[in-house]
Every structure is written in C-alpha cells, then in structure tokens.
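Hi there,

Here is the structure I promised to send over. Have a look through it first, and then read on for my notes.

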Amino acid sequence: MEAIFSKTIKLFLLDGDPNKRMSCELSNWVGKAYKIPRSLIKESDDRADLKNIGVYFLFGKDPNN
C-alpha cells in the first residue's frame, strides 16, 4: 500500500484579485512562489519579500511571433 502524504497550499492574493499578483506557500517547504503578471512587475519593486535571492521564471508569448 502506498503512503499518501497530504500537503497544504496557502495562496495569498496580494491585490485581492486572483487574476493579479499572488504568493503561494507549501506546507513543510521554506520557499515561496509568486505569480506576477508581466504588466505588474513595476508595481512589485517595493516589496521587501521579492528582494531575496531566488529563481525567477518569465513566461509569455513573443509579440513578434
């Protein structure tokens, strides 16, 4: 029988809107994930929690393609 370990994911809507910025925390993990639309990157430069060392991924479509 395979053991099943449950986890809790906590989403925090930084702007109160699920289509805007959000942070995500996974139980028993020290990291944090953020989803920030490209159009809101400038509005996020004053957030102290985003000034930490991290790995950043940018996703999007090439406007020329």
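Below is what I found, starting with the sheet and moving on to the charged pairs.

Please keep in mind that this is a predicted model.

The sheet is an open one of 3 strands, arranged in the order β1-β2-β3 with antiparallel pairing. Its edge strands are β1 (9–13) and β3 (33–35), each of which pairs on one side only. On average, neighbouring strands of this sheet are turned by 20° against each other, direction ignored. If you want to look at one pairing in detail, β2 (residues 22–26) and β3 are joined in the antiparallel sense over 3 bridges. Within that pairing, S23 stands opposite Y34 in β3.

Now to the charges. Side chains of opposite charge can pair when their charged atoms come close. How many salt bridges does the structure hold? There are 3 salt bridges, and here is each of them:

- D15 pairs with R21, with the closest N and O atoms 2.8 Å apart. D15 is partly exposed at 33% relative accessible area, whereas R21 counts as buried at 8%, because buried means under 20%.
- E25 pairs with K32, and here the closest N and O atoms are 3.5 Å apart. E25 is partly exposed at 31%, and K32 is partly exposed at 40%.
- D49 pairs with R47, with 3.1 Å between the closest N and O atoms. D49, at 26%, is partly exposed, and R47, at 25%, is partly exposed too.

Happy browsing, and all the best!

How values were computed: Residues numbered from 1 in each chain as written. Predicted model: local features only at pLDDT ≥ 70, side-chain atom pairs only at ≥ 80, totals over all residues. Heavy atoms only, no water. Pairing = 2+ DSSP bridges. Helix = DSSP H or I, 4+ residues; strand = E, 2+ residues; numbered from the N terminus. Axes fitted to C-alpha atoms, helices over the stretch in contact; angles between N-to-C directions. Salt bridge = Lys/Arg side-chain N within 4 Å of Asp/Glu carboxyl O. Buried < 20%, exposed > 50% of the residue type's maximum accessible area, 1.4 Å probe, protein only.
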